[in-house]
Amino acid sequence: MKSNKNFNKVGRIAVVGTLMIGMIAPTLTPITAAAATNKAEAKVQALQAGTGSVSDAMFEDLNGNNVKDAGEKGVAGISITLYSDSGQAVASTTTGADGTYSFANLEAGTYYLHVDLSTIPANERLFTTSGINSQDGNSSYFTIADGQTVTGYHFGFSPQVGQIASYIWNDKNANGYKDAGEDGIANVTVGLFDIYGVQVATTTTDADGNYRFESVNPGQYYEKVQTPQGMKIVTSSGNTFGGDGVSGYFNITAQSNVTNMNVGLQTLNNAALQGIVKDDTTSNGITNLTVNLYNTSGTKVSETQTDATGHYAFTGLPAGNYYMTVGVPSNYKVTSGAGFGLDGNSYYVQLGDSTVISTFSLGLTEKTGAIHSNIYNDINKNGVKDSGENGLEGVRVDLYNTSGVSVANTVTDANGNYTFANIKPGTYYVRVTTPEGYSSQANGHFGSDNVSGYFTVSADQDITNLNDGMFKTIVEPTGITVDTSDIAAFTGDKGKINATVEPSNATDKTLTYTVSDPSILSVDANGNWTALAKGETDITVTASNGISEVIHVVVTQKVGEIKSFVFEDTNKNGTKEAGETGVAGATVQLHGADGSVVATQTTDATGQYDFKDIPVGPYYVVVTAPKGYDLKANYAFGDDGVTGYINVTGSSVITNYDCALVKDVAPTTVSSIKWIYNNAEGNVEMLDRNSITIADNYLDSYNNPNVNIQLYDQNNNPIDLTGYTVTMGDDTIATGTVYGPNNNLVALTRHKVGATAVTIKDPTGRVVKNFVLNIVSSVVPATDITLDATNINTTIGTAGKINATVSPSNATDKSLTYTSANPSILSVAADGSWEAKAEGTTTVTVKTVNNITKTITVNVTSPVSIQLKNNPNNPDRTIVANDQLNITTDYVNTFNTHDLDFKFYNPASAEVDPATYTVTSSDTSIITIKPSNGDNYLRLSIQGKAGSSVITVKDAKGNLIRQFTVNVAQGSIQPTGVTVDTTSVTTKVTNTGKINATVQPANATNKALTYTSSDPSILKVNADGTWEALKNGTATVTVKTSNGLTTTVTFTVQTYFTNIIEQGNFNPSKSTGGPVTYYDSVSGLADKDNVTLTYNATLDTKVANDDQTNGRRQFLFYIGSDPANFNTDYSFTISNQAVLDPTVSNNNDGARALGHIEVRVKQRGTSVITVTRKSDGKVVKTLNVTVQ
């Protein structure tokens, strides 16, 4: 400070804002303590002896609200000095670890603070201020009373650190992307190292595989991932990591958020073989086929079945060599294969530790049969296709199954052959549709109704003997119906005879048409006729068997008429007008197009001629003028008296061919030609002059812009100019007219500057006078424009004025016009005042009245730059005119809100408050404008709806500052739930069904569901939700969405059989019908999987003879009260016949019909009884039997 006494106190001023510039604050001059006087030191001591204080904190203002909130840490080490109002340093301090500072024991008085800006840490950026000028570090003056604590003087900072937020996941398919079903890996250790190899930080991944390093100072780093045991690194974002888990170097900048340090791991033994078995005919996958996987030693490694789409997969395989086999059903054959041979076996394939091969494909085709036979004309009706009996084309043939359902249809070809290919094996019959005009009779394969008997088609069979014969049925015509019995026509007319043969099912409907006089009318084979000449004739319509109808025809000739006038054209304009009389006695001839004279007439007293009843066609008329008249060309006749061709049509009357004649006139001698009514020179003789020059403002003595010419005869009398003509070389410069009393004046009317020739002719066409009329300008034109500037560079909203001067200074008209090429960019007024309206480049044209122009180039820019901020993984983006921002409905910024954040900057890069501008959204259902928070942010809120909205920014005058479009695409819509049509199902073994599940909401992006049975041995569920009950019990199916939401369906599977009983049976007195001995009986086995029997060494060993039966065990099966029939409905197998022997003689048809399975217990051990339903091959009961 030059003189502390020169400072004026500004009183109590609270200054709060964001980087405020130009605040009212003192200017600090360094003070040297050693130079202080004792008086000054005493003053300082006095200032420090009071009870007042000032305190506050320097802190990281993360939300920019100028208040130190919870979680916002202080900034330490900032030097602050307290000064008295006289500029005396009172005390100095530095902010503590929590960012606070305090000056205590202050005497009442006025003070200010000074912050040493050089002590602000390098990793902090000044963000907000309160009471302290951000430019020089000085606060405003403040007053402290005794015992008062003053606060509110601080800086808010934005930390200049970055962070790393990435993840580690199980990249099962090694594609480098975290796909659905690929979970994050928890508890993986990640170290962060600087470029010198010093470990800066370490962390571990959370339950979802995410890890973070926060508050990382700017610099260059690398990471190291400690790969978990049993796993290896296979991919990373941008291949940033090597297989040793060490990344390449990367940079951290202030406020950067690095999110691409992602690492994909895989478990060892992660190889897979995948493929599909499909039907080559339909291209659909074939389900439930067994696929076996073997190693090269022939040992089976795994077995699986194809799913509902025909796909199969072997996963989690160790590295090695393998091959696969597919169980091809007996009704199929191999027809194609990728990696497979025609035997259903694949070739050997070598897998690495993470190799995934999904290219195996096996195509099967169901074995089918075919029919190739013939439909023919059985001329001799013997039911056999003999020589000369041709096939019938276009006959429909249908193939039906035994249920009467049409399987296929076809039509016979040109040879009568028909084909049905790819017929599934089974029993069928054929129906032939009898064609019109044919009848049928029974033969060896078809009945009289053209339906065959049943026949069987086997696999690979081709049936060729299903031929069917037809014979023609003839129906003779009985009559002919025509649409008319009389035709009246003009020559040239055309038409058609509509005739029909009766009855409608006549075999031959052919008709012929004959004309008695073809010179009058012609007719073709289809009844189309043309009238040729006048006269009468007949048309005979005849059927194939000779019956006929006659149509009488009268043809009339078409004629027209030509009538007009021959007249005296007194005013010589070629048109017959009132007062112009006809000329009698003129000869008029009508000629045909070939020049022949068709008729000759003489005009009557009115000058009219009239040619009547002229046949249609082209003609022309020739007029010969009577003596004393000359022909005058007009619109109808040439000067030779001949018309052009006249087309006469039927009934036409043509009246527009009037011929103009003029009387012969002897020429008058012109002795004098004068320019009269000349104000300047009086009457001027023109007979010897070749030109007249006038100004472009010349007026005659009557104030008309005319040059008036009068012709005189030898007696100096004005000549009557009737029939005279005036011709101008350029009638845009001047026009000539004959007018005035008695037509004795020629007026030349001026129009513009220039020269034109003038020719005056008498009625005979003789030139009376030729001269040139020169019209010169009467004004001084502008020759140039001088501008004060040829370029205007300005900003929207700015106004100014164009200063332009016209040369020469004495120009008659100095007026200028100003035209903006694009008024939407810059508007300009009539006086040259302009205003910039919008951003862009345009021109202003300055023009004189005589089209001298100068151009000014205008460049208008925006007064502010608009930048998109806080866009994850992207730098700040400057919005240009008509910019397109593409986001999705689930977009979030770096603050995790659904907002697009913008800042406005002036040309000096200082922030501008967006609230000073008007911002609108064209569609607020897509984008809305959020109210200002006072932090200089413009926030656009994304409403979650897909579409586009145009954002318009205007200044206070309504000028367009910037316009851009935000295109919002539909983002990922996660499922919010899943519902099923029922949560509990009670069913029975062998029953099937489908779980109908619905994902909410209806527009969820991924509606995929998985179905899992808690006990697949009880209830099997497929990928599409279809299920099959396999055995009795309870099972729960869990239905899960792609994002893990679930619901359940509980299945209660009831037994297929109502009751199953086991009993030992022996009759020791078979011959006498003695009582049966029952032993070791067990009932209620319908819902049991296991039963234990006790071996009876006495009874189980009994062998049948005449006196006794076998000792055997009976298993009795019931459905309701009825026994199961093991002859017709069910079959059974016994796994270990060394324990349970079914060959016992009692296990006969009679016993099986009563639901019995009878076996002999031969020894202790285990065996399984499996019962299968014959209708569909499904297992309906499995019983594990243990004999102890």
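**Arginine 877 and its partner**

I looked up arginine 877 in this predicted model and found a relative accessibility of 34%, so I entered this residue as partly exposed. Its side chain meets that of aspartate 883 in a salt bridge, with 2.8 Å from N to O. Aspartate 883 has a relative accessibility of 9%, and because buried means under 20%, I noted aspartate 883 as buried.

**Other salt bridges**

I then asked how many salt bridges the structure holds, and the number I wrote down is 27. Side chains of opposite charge can pair when their charged atoms come close.

I next turned to lysine 333, which forms a salt bridge with aspartate 460, the closest N and O atoms being 3.9 Å apart. This pair links distant parts of the chain, since lysine 333 belongs to strand 26 (residues 332-338), while aspartate 460 sits in the loop between strand 35 (455-457) and strand 36 (462-463), 127 residues apart. For the accessibility of the two partners I recorded lysine 333 as partly exposed, with a relative accessible area of 36%, and aspartate 460 as exposed, at 55%.

I also followed aspartate 1141, whose salt bridge is with lysine 1162 and whose closest N and O atoms are again given as 3.9 Å apart. Aspartate 1141 lies in strand 99 (residues 1140-1141) and lysine 1162 in the loop between strand 100 (1156-1161) and strand 101 (1165-1173), so the pair ties together parts that are 21 residues apart in sequence. Is aspartate 1141 buried or exposed? I found a relative accessible area of 11%, and so I entered aspartate 1141 as buried, whereas lysine 1162, with 43%, went down as partly exposed.

Lastly under this heading, I noted a network of salt bridges that links Glu1062, Asp1080, Asp1100 and Arg1113.

**The second largest pocket**

I looked up the second largest pocket and noted about 430 Å³ of space in it. Its lining comprises 22 residues, and the closest to the pocket centre are Ala180, Gly181, Ser1042, Asn1043 and Gly1044. When I checked which strands contribute, I found that strand 88 (1009-1013) and strand 91 (1033-1041) each supply at least two residues of the lining. Sorted by class, the lining of this pocket has five nonpolar, 11 polar and six charged residues.

**A nonpolar patch at the surface**

I wanted to know which residues make the nonpolar surface patch of about 480 Å², and I listed Ile195, Tyr196, Val198 and Tyr249. Of these I followed up tyrosine 249, which I located in the loop between strand 17 (231-236) and strand 18 (250-252). Its relative accessible area is 52%, and because exposed means over 50%, I recorded tyrosine 249 as exposed.

**Two loop residues and their separations**

I placed threonine 205 in the loop between strand 14 (199-204) and strand 15 (210-216), and with 2% relative accessibility this threonine counts as buried. I also took the separation of threonine 205 from valine 482, which lies 277 residues apart from it along the chain, and the C-alpha atoms of the two are separated by 97 Å.

For glycine 638, I noted a place in the loop between strand 52 (629-632) and strand 53 (646-648), with a relative accessibility of 23%, so that glycine 638 counts as partly exposed. From C-alpha to C-alpha, glycine 638 and serine 544 are 63 Å apart in space, and in sequence they are 94 residues apart.

Definitions and conventions: Residues numbered from 1 in each chain as written. Predicted model: local features only at pLDDT ≥ 70, side-chain atom pairs only at ≥ 80, totals over all residues. Heavy atoms only, no water. Patch = residues over 30% accessible without salt bridge, like charges linked within 9 Å, V, L, I, M, F, W, Y side chains within 5 Å. Areas by Shrake-Rupley, 256 points an atom, 1.4 Å probe, with all protein chains shown as cover. Salt bridge = Lys/Arg side-chain N within 4 Å of Asp/Glu carboxyl O. Helix = DSSP H or I, 4+ residues; strand = E, 2+ residues; numbered from the N terminus. Buried < 20%, exposed > 50% of the residue type's maximum accessible area, 1.4 Å probe, protein only. 1 Å grid on protein atoms, 1.4 Å probe; cavity = no way out; pocket = protein on both sides within 12 Å on 5 of 7 lines; lining within 4 Å. Points joined across faces, edges and corners; volume = space filled by probe spheres on them. Nonpolar A, V, L, I, M, F, W, Y, C, P; charged D, E, K, R; others polar.
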